[in-house]
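The exercises below treat a domain interface, a ligand site and some backbone geometry. Work through each task before reading its solution.

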Amino acid sequence: MRQEEVKILEHKYFAPYFFKLTLQSKEISQSAAPGQFVNVRVTNGTNPLLRRPISIHRINRQTETFELLYEVVGKGTKLLSQKKQGETISVLGPLGKGFSTDQNKKTAILVGGGMGIAPLFALAEDLIKKSIDVNVLIGAKSKKLIICESELNALGIKLQTATEDGSCGTKGLVSDILQAFIEGLADKKSSSIFACGPKAMLKTISEIASKKNIACQLSLEAYIACGIGACKGCAVETTNGYKLVCKDGPVFDAKEICSYNAAYSAATLSGL
Ligand SMILES: Cc1cc2nc3c(=O)[nH]c(=O)nc-3n(C[C@H](O)[C@H](O)[C@H](O)COP(=O)(O)OP(=O)(O)OC[C@H]3O[C@@H](n4cnc5c(N)ncnc54)[C@H](O)[C@@H]3O)c2cc1C
């Protein structure tokens, strides 16, 4: 992990409020792993004071570049969106613990809710290199919020989409298509789920994985300040005590996260 001024090679607006940044960094591109993130300084001033965490979307070790995909939701990301090609920005990274990939698993099911697809892209590319069968399920409110569809298709990935308004793919939630996908799986034991998205989606996916006894990793979001485990501001309760999203995560085994863990919740509710 290092703090570095990185050059913006490209900054693309590609959908309402969505941007893609291509950044030059030999060190980050060589050392980053899928699921890790960088903490980005969005201004040279002090407002906002804190850096903003953004997942590493794609890693290109050959060109020594990496990409970030982000949505403008507030002041920090708005300031970031105003940065121009050729400028530099300060990033701290790569940070956190990314996805772990088990070569014994033959099938990977990547589930992204909205911007949750961002860290799953680098994972998909990595799994393909490891000859794992990659299936991607993306959910969003409507068609215009489904992102990365053409890029995933270009990788030859089997892709399914779900939108709440039915404007693209199956009408409904991405967890509905996950449920159907799992029903059709011949070998659940050699399959793994990797998910990133809103909390409610992660909870449902975690429950589905638990019921069907399928390995599942979740990339969590939290309000991250320092990004390196010093401020302890992003603690989550796990079955092994409190852990930090920025340092011990953002990727966790679904069984470990108490608020998503059906067995733990039942025990807590019954006062055990
Ligand atoms: C490990 C990690 C990886 C992330 N990766 C990405 C990514 O790849 N692409 C992307 O677009 N976003 C990502 N995020 C979320 C991103 O960090 C926030 O959207 C960003 O910090 C918002 O900053 P802001 O100043 O624009 O918004 P603010 O003005 O701080 O907040 C605007 C709104 O967004 C909500 N919000 C802000 N931060 C978070 C958060 N961390 N979790 C949930 N809600 C939040 C606030 O409650 C508020 O409603 C990631 C977050 C984490 C923790």
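A salt bridge is counted here when a side-chain nitrogen of Lys or Arg lies within 4 Å of a carboxyl oxygen of Asp or Glu. The model is predicted.

**Exercise 1. Apply the salt-bridge criterion to E125 and R58, and state how many salt bridges join domain 1 and domain 2.**

Step 1. Take the domain bounds: domain 1 covers 2-95 and domain 2 covers 107-267. R58 is therefore on the domain 1 side and E125 on the domain 2 side, since the bounds come from a domain assignment.

Step 2. Take the distance. The closest N and O atoms of E125 and R58 are 2.7 Å apart. The pair therefore meets the cut-off of 4 Å.

Step 3. Take the count: one salt bridge between domain 1 and domain 2.

**Exercise 2. Describe the extent of the interface between domain 1 and domain 2.**

Step 1. The size of an interface is often given as the accessible area lost when the parts come together.

Step 2. For domain 1 and domain 2 this buried area is about 1,800 Å², with 69% of it on carbon and sulfur atoms. On the domain 1 side, the residues that lose the most area to domain 2 are P34, H57 and R58, which together make up 27% of what that side buries.

Step 3. In terms of contacts, 22 residues of domain 1 meet 22 residues of domain 2. The centres of the two domains, over C-alpha atoms, are 22 Å apart.

Step 4. Five residue pairs are in polar contact across the interface. On the side of domain 1 that touches domain 2, the largest share, three residues, comes from β6. The residues of that side divide into 14 nonpolar, four polar and four charged.

**Exercise 3. Which residues come nearest to the ligand, and which atoms lie at short listed distances?**

Step 1. Of the 20 residues around the ligand, R52, P53, G76, T77 and Y223 come nearest.

Step 2. For oxygen atoms of the ligand, an N or O atom in the side chain of R52 is at 2.7 Å, and a backbone N or O atom of G76 is at 2.7 Å.

Step 3. For a nitrogen atom of the ligand, a polar side-chain atom of E221 is at 3.0 Å.

**Exercise 4. Where are P48, P94 and E64 placed, and what is the backbone geometry there?**

Step 1. P48 is in the loop between β3 and β4; the peptide bond from N47 to P48 is cis, with omega near 5°.

Step 2. P94 is in strand β7; the bond from G93 to P94 is cis, with omega near -5°.

Step 3. E64, in the loop between β5 and β6, has a positive phi of about 55° although it is not a glycine.

Terms used: Residues numbered from 1 in each chain as written. Predicted model: local features only at pLDDT ≥ 70, side-chain atom pairs only at ≥ 80, totals over all residues. Heavy atoms only, no water. Contact = heavy atoms within 4.5 Å. Buried area = accessible area lost by both parts, 1.4 Å probe. Polar contact = N/O pair within 3.5 Å; in protein donor to acceptor, adjacent residues only side chain to side chain. Helix = DSSP H or I, 4+ residues; strand = E, 2+ residues; numbered from the N terminus. Nonpolar A, V, L, I, M, F, W, Y, C, P; charged D, E, K, R; others polar. Near = heavy atom within 4 Å.
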